[in-house]
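Reader: Hello! Could you take me on a close look at the nonpolar core of this chain, please? I would enjoy one connected walk through that part.

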Amino acid sequence: FGWKLIKAMKKKYLNLEFCNGIPLRALKMNTIEVLDLSPCASHIGMPWQEDSKEAAMEFANRGMYGIEVVGAIFLAHFLRLNTSLTTFNFRLNHVEKDGAKALAQSLLGNAQTVLQTVNTMGPTKMKPGIDFGHFKTGHLTTVDLSKRGLDDDDFVFLEEWLRRYDCVTDLN
């Protein structure tokens with residue numbers, strides 16, 4: 001359905017500045033490094049003040065609905081050409097299997113992606129996690145994602161990367 005929506009809009013969707021709280025123009029223009037769509041995220045990149053009524057409405061809508069499958073497929077279209085995004089968080093957005101797969105495949109098909117961190121899979125002070133950039137170089141051999149609270153969407157996203165890059169020998 002998502003790709004049918006894009007096709008029906010022809011090229012008009014490329015002119016959208018925001019859609020469901022996602023700064024599409026910033027993604028298209030490669031001016032955004034962090035895209036945090038989780039319901040707990042701040043309003044970075046939004047065209048309104050953080051304490052405004054519009055920001056409160058956007059934050060409430062994000063928590064209630066998320067981007068869901070169609071939104072993820074729509075977003076994937078913009079990610080396949082983005083060269084600036086390093087951190088991406090789509091947790092708690094009900095993207096389901098098809099949405100997570102579309103997001104992963106769009107980034108995997110992007111030879112210039114500089115993505116490093118996805119959801120809670122990235123490195124922290126206490127745990128190494130995954131730097132997704134290391135997949136491309138083949139230097140990612142050990143992955144420890146224990147006690148990260150991963151959900152089905154995370155596993156589907158990660159599975160796509162593991163299938164493409166056969167470099168991980170130890171997965172926990």
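Author: Happily; what follows starts with the chain as a whole, goes into the core, and ends at two loop residues. Please keep in mind that this is a predicted model.

The chain has seven helices and five strands, arranged along the sequence as α-α-β-α-α-β-α-β-α-β-α-β. Of its 172 residues, 45% count as buried. Among contacts between residues at least 6 apart in sequence, 72% join residues at least 24 apart.

Now to the core itself. The largest nonpolar core holds 42 residues, and those with the most contacts inside it are Leu27, Leu75, Phe88, Phe135, Phe157 and Trp161. Two or more core residues come from each of helix H2 (24-28), helix H4 (68-79), helix H5 (96-108) and helix H7 (152-164). H4 gives the largest share, seven residues. In soluble globular proteins, nonpolar side chains tend to be buried together.

Leu27 is a good place to zoom in. Setting aside neighbours within four places in sequence, Leu27 is in contact with Ile22, Ile32, Leu35, Leu75, Phe78, Leu79, Asn82 and Leu85.

Two loop residues round off the tour with their backbone angles. Most residues other than glycine have a negative phi. Leu92, in the loop between strand E2 (87-89) and H5, has a positive phi of about 60°. Asn119, in the loop between strand E3 (117-118) and helix H6 (133-137), also has a positive phi, near 50°. As for their surroundings, Leu92 is partly exposed, with a relative accessible area of 46%, whereas Asn119 counts as buried because its relative accessibility is 9%, under the 20% cut-off.

Conventions. Residues are numbered from 1 along each chain as its sequence is written. This is a predicted model: local features need pLDDT of at least 70, side-chain atom pairs count only at pLDDT 80 or more; totals for chains, interfaces and linings use all residues. Side-chain values use heavy atoms; hydrogens and water are left out. Helices (H or I, at least four residues) and strands (E, at least two) are DSSP runs, numbered from the N terminus. Buried means under 20% relative accessible area, exposed over 50%, partly exposed in between (1.4 Å probe, protein chains only). Contact means heavy atoms within 4.5 Å. A nonpolar core is a set of buried Ala, Val, Leu, Ile, Met, Phe, Trp, Tyr and Cys residues joined through side-chain atoms within 4.5 Å.
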